[in-house]
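User: Could you take a close look at how the parts of this model touch one another? I would enjoy a connected walk through the contacts.

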Amino acid sequence: MTAVAQKPPPLPVVKDKSNSFVVAKTPVYLACLLIAVVWVIPALGILINSFRNPQAIQSTGWWTVIGEVFNPDTWTLQNYATVLDQGFGNAFANSLAVTIPAVAIPITVAAFAAYAFAWMDFPGRNLWFAAVVGLMVVPLQMALIPILRIYTVFDLTGSFPGLWLAHTGFGLPLAVYLLRNYMGSLPSSLIESAQIDGASHWTIFTRLILPLSTPVLAAFATLQFLWVWNDYLVALVFLGVANPDNAVITVELAGLQGQFGEGALNLLPAAAFVSMVLPLVVFFLLQRYFVRGLTAGSVKG
Amino acid sequence: MTTPPVLRDDDVEVSHPHGDPGARDSSPQLWLLRILSALIIPAVLALFFFTFEFLQDPETNKIVQITVAIVVGVGGVWLLYWALDRLVNAMPDRVGAGVRPFVFAGPALILLAFYLIYPTIDTVITSLRDAGGDEWVGIDNFVRVFTENTYLISLRNSIFWAILVPIVCVGVGLAVAVLADLLPRRTESTFKSLIFLPMAVSFVGASVVFAFIYSFRVEGFGDQIGLLNAIWTAFGGDPVDWLRVPFWNNLFLMVILIWTQTGFAMVILSAAIKGVPEDLLEAARIDGANEWQAFRRITVPTIASTIVVVWTTILITTWKVYDIVAVMTGGRDGTSVVAERMVTEFFTFQNNGVGAALAVVLLVVVTPILVINIRRFRQQEALR
């Protein structure tokens, strides 16, 4: 860094820079405001619509509320009541029933595998981990028909367990990859000293590595949660067609969207928000972990 | 040395800082034990989930189902790993050291083999057989995919998506990241959250959101409730059924994906921009560079590899897009894409051969990325 060492007294430059900042500030604020408005308006529109009277949703645009914001007749919770009553309450529970195990199982299986890949020696380790890295980009579309064929034989379509294991399989490459990279970057002196103290692999894994890996476990859990909750294709193929009672919320919402213009119009905004509320909460609470997972896992397909 | 045990490319027997004696033994008996120990956990999981009737019964209380699944899926799996680990402890040291890694890594590998590797091979085979899977037809399905108009439209649209969406997402994401960097800290994080938020919304949800933008009513049949038509007619245009305008409807669908993915590009690029050394930029400014030149000559080259990673990730997401097209248009009016066409072939036309051929097309295009990923991973390992 010789350039830094030779740096001349920076005073005039700094002054110059601050001047240019004063000039640039207003356009920057305006540009940011414009982008933010463009990005928020689509969602804001249906959020407002979801609280309007059904007839109003059908007949006028959401922006017409501007004149009647303080008119109590404008707002209602009726759409939410109707939507929850018409299957979306059940679909919400189904989505939970699918998502929680589909997050918990792959994390457990991947954590053990990641430890082995990071800290155990075995023949073919190199090759198998390379395979895991490769499998990250394999489109899950490749798996739909063969797995559906097997599931049909064993009568697993339309039930949750088949979906849990499918999501486990599809989420594992990223999970193993993320966890192994994190565990492998922990200092080896830590593991060595534990081994010298006579700790077994089991003890080192459960007492040392796992607690230290909490951030990456949380990162993957957040990613996988959003992925499974928001999934449409896998749930549609393995669950929705065979057993409508078990349909998850995205499938239910897509079905409602299919009736657009046939009276579903007034229910869609509320239904969409029921489907989004949990991911949004998770997103806000765990944004830090989500970003970390995305950054580390941005090689996934 | 703080490096973990590193995988060697040549995979030869190496003396290893943490290697257990016997870990690399490869007698047939040992391999049998290893395979067995890898199979046990997936087999027990499958048996439990697939045989317990009450878990599959829609009448069973959902809360009970979830609870059982979590208890078994996590607790039961842990218990199995624990029991197997105990079992390995009881083995002679040399044998145990050879088997234990497979108790840990085996179940994951078996699940991957079942859910990804086997299906991939099966799909490739299916793509070489006829619609019902009865007879070999060679490359006929691929010939159809690359010559018949229906499929060519899907291919054209997919390529079109794959070019435009990543470019717009990275471009806008980069611009937003740079702009956000100039804002005061508090404002910056609020602004970034707003752009990032759609990332948490499902493609189906995003499609519903945009259905209210593109909504169309024939003139004289009530007010336009779609934002786009409201603006369009306010400026004197006739209402347009946006999703049925040939060619342009593809762009309107792409906007939905761009809306959800730009935040991803922005967040990753923003982190990279903050990692550009300030003294480097300062040095450039002292040498007379203006802000644009400093950005163009210092920031962009420094974050080039991040740009490539973000671009690739969005490219893969875009290439596999299904939900948006399926929900918004069902592939009608020339909006079909490969991933959507594939599902239609499978489930609507029961043409497994062509469906599988389309799936193979999906895979072949991402294969170079797969190869690059593995190569980059190996380079990283070599550097450690």
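Analyst: Happy to! Chain A is split into two domains, with domain 1 covering 2-74 and domain 2 covering 78-296. Please keep in mind that this is a predicted model.

Let's start with the contact inside chain A. Here 7 residues of domain 1 meet 8 residues of domain 2. On the domain 1 side of chain A, helix H2 (11-50) and helix H3 (54-59) each provide at least two of the residues that touch domain 2. H2(A) gives the most to that side, namely 4 residues. As for its chemical character, the side of domain 1 of chain A that faces this contact has 4 nonpolar and 3 polar residues, with no charged ones.

Chain B also has a two-domain assignment: domain 1 runs over 28-126 and domain 2 over 143-383. The C-alpha centres of these two domains of chain B are 37 Å apart.

Now for the contact between the chains. On the chain B side 109 residues take part, and they are in contact with 109 residues of chain A. Which helix of chain B supplies the largest share of the side that touches chain A? That is helix H4 (residues 93-126) of chain B, with 19 residues. Sorted by class, the side of chain B that touches chain A holds 73 nonpolar residues, alongside 21 polar and 15 charged ones.

To put the two contacts side by side: the domain 1 side within chain A has no charged residues, whereas the chain B side of the contact with chain A has 15.

Methods:
Residues numbered from 1 in each chain as written. Chains lettered and ligands numbered in written order. Predicted model: local features only at pLDDT ≥ 70, side-chain atom pairs only at ≥ 80, totals over all residues. Domains from an automatic or database assignment. Contact = placed C-beta atoms within 7 Å. Nonpolar A, V, L, I, M, F, W, Y, C, P; charged D, E, K, R; others polar.
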